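Please look at the sequence and the 3D structure shown here, and then read the short report on aromatic rings that follows.

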Amino acid sequence: MSGGWWCDGVRWPGQAPELGWSRGGDRRVSVLAYGAGIGFRALGERHCVGARGNVCPLGAVVPGRSTGGRCAECARLDRAHSVAADTMADDPRTYRVYLAWFGPGMVKVGITGEERGAARLREQGAVVFSWLGRGPLMAARRTEEVLRAALGVPDRIAYARKRAVRGRLPGAEERAAEVAELYGRVARLEGGGGPESLERLPLEVVDQAELFGIDRTPAPVRSVRELVDGGVVSGRLVAAAGPDLHLAVEGVGVVVLDTRLITGWDLAAVPDVPVRAGAGPDAAASAKASPDASASAKATPDASRVSGGEMRVPLIDIGGGGVQGGLF
């Protein structure tokens, strides 16, 4: 390892995505802005990110295409202490059950801690959602299981499927109507689909397309398959949804970077990515994907420069498996 920064991935604590960074015991956060440049180079090998804030005891090397970024042992430990593992029956916190919509016919039912608000929905890249109810963990979990069976919806939807439809979504009214229709089906179930201990919540459709920026940017055409030693990723951030950053790259188009692929890599900053005037919905800015002093968004002295960026990593077509450009 060269002692560079490790990215902890994208977080959505508020209305803007953030990149978490770590180097030894140092922790920093870069708040991302649409229109800003992002650029980094991967160095060496990718190592396991550990579990529950603990360093991997083996320092294991993990595959570049793994979205988990953990070795088998750390993945098991991380899963064992998650809400999804059903090992926290005495959890006193209040949970919420939700309907999340990612595209036509792509809906799931899930639960999240009430204190997190809609952060979980942003982390999943849910374009539209509505709350269904709130209550104790086991009541929320039971409701989730019953509704999955009754509505015939899956417990998870792969990110590859989500990004494949993200550039051709129907209008806001159609999106809202599909969620409202499903909410109505839940309401018509006996007992509302859940135990009495779960408080029912009224329909309130929340559309996050504008928040993600996907309603005003070109559809992505490629996605990063994996990072490699010496590989460079740089471009202008035009949208973000869940762990995915949509980067505009001159001569390529919009490329999706799943930030789960960059955890565990030693990353070094690359020169600032020029920004095209007026290209970003917020402001023209330039930033490095690194938490160093020069990494936060800053005013560009010449915003009229054309957008640049480069992708020297393997790319694949959105919705396909063919390698395009990059290093291969």
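## A cluster of rings

Pairs between rings join Y98, F129 and W131 into a cluster, where rings of Phe, Tyr and Trp (its six-membered ring) pair if their centres lie within 6.5 Å, and planes under 30 degrees apart count as stacked, over 60 as edge-to-face and the rest as tilted. This is a predicted model, in which local features need pLDDT of at least 70 and side-chain atom pairs count only at pLDDT 80 or more, while totals for chains, interfaces and linings use all residues. Side-chain values use heavy atoms, with hydrogens and water left out, and residues are numbered from 1 along each chain as its sequence is written.

## The pairs in the cluster

The structure holds three aromatic pairs. One of them is formed by Y98 and W131, which meet edge-to-face at 6.4 Å centre to centre, with 75° between the planes. This pair links distant parts of the chain, since Y98 belongs to strand 5 (residues 94-103) and W131 to strand 7 (residues 128-136), 33 residues apart; strands (E, at least two residues) are DSSP runs, numbered from the N terminus.

The ring centres of F129 and W131 lie 5.4 Å apart and their planes are at 70°, so this pair is edge-to-face as well.

## Burial

Both Y98 and W131 are buried, a term that means under 20% relative accessible area (1.4 Å probe, protein chains only). The relative accessibility of W131 is 14%, and F129 is also buried, with a relative accessible area of 2%.

## Charges over rings

R96 lies over the face of W131, at 5.1 Å from the ring centre, and K162 lies over the face of F102, at 4.2 Å from the ring centre. A charge sits over a ring if NZ of Lys or CZ of Arg is within 6 Å of the ring centre and within 35 degrees of the ring normal.

How values were computed:
Helix = DSSP H or I, 4+ residues; strand = E, 2+ residues; numbered from the N terminus. Buried < 20%, exposed > 50% of the residue type's maximum accessible area, 1.4 Å probe, protein only.
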